[in-house]
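Colleague: I've got a bench question or two about this protein before I plan my week. Can we go through the model together?

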Amino acid sequence: MSSRKLTQLSVICWVAVLFCQSVQSQLQVGFYTNSCRRAELIVRNAVRDGINKDRGVAAGLVRMHFHDCFVRGCEGSVLLDSTSSNSAEKDSPANKPSLRGYEVVDDAKTKLEAECRGVVSCADILAFAARDSFDLTGGISYGVQAGRRDGRVSLIAETSDLPAPTLNVDQLTQSFAKKGLSQEEMVTLSGAHTIGPSLKQKCPQGSTDSSLVVPMDTSTPTISDVSYYRDILANRGLFTSDQTLLSNTATASQVNSNSRSPLGWKRKFAAAMVKMGGIGVLTGTTGEIRAKL
């Protein structure tokens, strides 16, 4: 990459970081302590029930939060349905049919509305659910800053902001930098691929059976651990965007480091998720608190 492009990328990243820091200052851990004391517990119980029914839903919930934050910011737009006049994010090939866990979010929202009507946003539910999914599959828990409000707009065209599985390491770095996330945080968050299946079809070639899936992590597909990084080192990365992490000296070093430090990676993942959760949030009087997804 040329020095000019690196300079431009640094400026973009710096501006995005400043913006992210300013909006995160309006979020806080324990936001619902007084207004809906059991909010986080209700979400956690819904996530636990969902995982008990289908272990793979945990990966879907982590991915849903990521896909929400990378398009218009973390404001719940990924949950909005298409209308006769507009195609929403959830109907993009990037989200459909692979994105799942809507029923868990809906369950949590229904119970929250029964207990604390009009208080907890869908965007915050997604952030809590992603945290709980990581924790309940062998990761760690962490404090989620809350206070997000929900957006009203969801456009299928804007899903182009989502990093495709075909991107190389430079493209991935640029994609994350635009959202205020560093290259190291990109490598750290890529570790979310440690859980869940991919809808990439198995043999026989040309099969149209979408039920045929392969695990993202070949050894422990339902556990949040560092096997993802060990798979990459063994040249078993499922997507180009996974295996490409070895093509760059810095990212390859991070892959090696993460593979040797399970707890260290979990802590970095938690910190990166908190930072990602501040992208483009709506707070205060902006947006709304939706009564349903």
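Colleague: Let's start with D132: is it buried or exposed?

Modeller: Bear in mind that this is a predicted model. Buried means under 20% relative accessible area. D132 has a relative accessible area of 1%, so D132 counts as buried.

Colleague: Which residue does D132 meet in a salt bridge, and which residues are joined into one network by salt bridges that share partners?

Modeller: The side chain of D132 meets that of R131, at 2.7 Å from N to O. R131 is at 5% relative accessibility, so R131 counts as buried too. Through shared partners, salt bridges make one network out of E40, R44, R131, D132 and D135.

Colleague: How many salt bridges does the structure hold, and how far apart in sequence are the parts that R38 and E115 tie together?

Modeller: The structure has 17 salt bridges. In one of them R38 pairs with E115, with the closest N and O atoms 2.9 Å apart. R38 sits in the loop between strand 1 (28-29) and helix 2, while E115 is in helix 4, so the parts this pair ties together are separated in sequence by 77 residues.

Colleague: And are R38 and E115 buried, exposed or partly exposed?

Modeller: The cut-offs are under 20% for buried and over 50% for exposed, with partly exposed in between. R38 comes out at 31% relative accessibility, and E115 has a relative accessible area of 38%. So R38 is partly exposed, and E115 is partly exposed.

Colleague: What about D54: which residue does its side chain meet in a salt bridge?

Modeller: D54 has a relative accessible area of 33%, so D54 is partly exposed. Its salt bridge is 2.8 Å from N to O, and the partner is R100. The pair links distant parts of the chain, 46 residues apart: D54 is in the loop between helix 2 and helix 3, and R100 is in the loop between helix 3 and helix 4. With a relative accessible area of 26%, the partly exposed partner is R100.

Colleague: On to the cysteines. How many disulfides does a search of the whole structure find, and what pattern do they follow?

Modeller: The search turns up two disulfides. C36 and C116 form a disulfide with sulfur atoms 2.1 Å apart, and another joins C69 to C74, at 2.0 Å from S to S. Counting bonded cysteines along the chain, the pattern is 1-4, 2-3.

Colleague: Where are C36 and C116 in the chain, and how many residues apart are they?

Modeller: Both C36 and C116 are buried, and their link is right-handed, with 80° about the S-S bond. C36 is in the loop between strand 1 and helix 2, and C116 in the loop between helix 4 and helix 5. That pair links distant parts of the chain, and the separation is 80 residues.

Colleague: Which handedness does the disulfide of C69 and C74 have?

Modeller: C69 and C74 are both buried. The torsion about their S-S bond is about 120°, so this disulfide is right-handed.

Colleague: Now the inside. Which residues have the most contacts within the largest nonpolar core?

Modeller: In soluble globular proteins, nonpolar side chains tend to be buried together. The largest nonpolar core here has 66 residues. Helix 2 (39-53), helix 4 (102-115) and helix 11 (262-276) are among the helices that each supply at least two residues of this core. Those with the most contacts inside the core are L79 and M276.

Colleague: Take L79. Leaving aside neighbours within four places in sequence, what is L79 in contact with?

Modeller: One contact of L79 is C122, and at 0% relative accessibility C122 counts as buried. The full list for L79 is M64, K90, Y102, V105, C122, L126, R290 and L293.

Colleague: Last one: which residue does UniProt list for "binding site"?

Modeller: The residue in question lies in the loop between helix 7 (183-190) and strand 3 (197-198). With a relative accessible area of 25%, the residue is partly exposed. The UniProt record, an unreviewed entry, gives H193.

Note on methods:
Residues numbered from 1 in each chain as written. Predicted model: local features only at pLDDT ≥ 70, side-chain atom pairs only at ≥ 80, totals over all residues. Heavy atoms only, no water. UniProt positions renumbered as here; feature names shortened; annotations may be inferred. Helix = DSSP H or I, 4+ residues; strand = E, 2+ residues; numbered from the N terminus. Buried < 20%, exposed > 50% of the residue type's maximum accessible area, 1.4 Å probe, protein only. Core = buried A, V, L, I, M, F, W, Y, C linked by side-chain atoms within 4.5 Å. Contact = heavy atoms within 4.5 Å. Salt bridge = Lys/Arg side-chain N within 4 Å of Asp/Glu carboxyl O. Disulfide = S-S within 2.5 Å.
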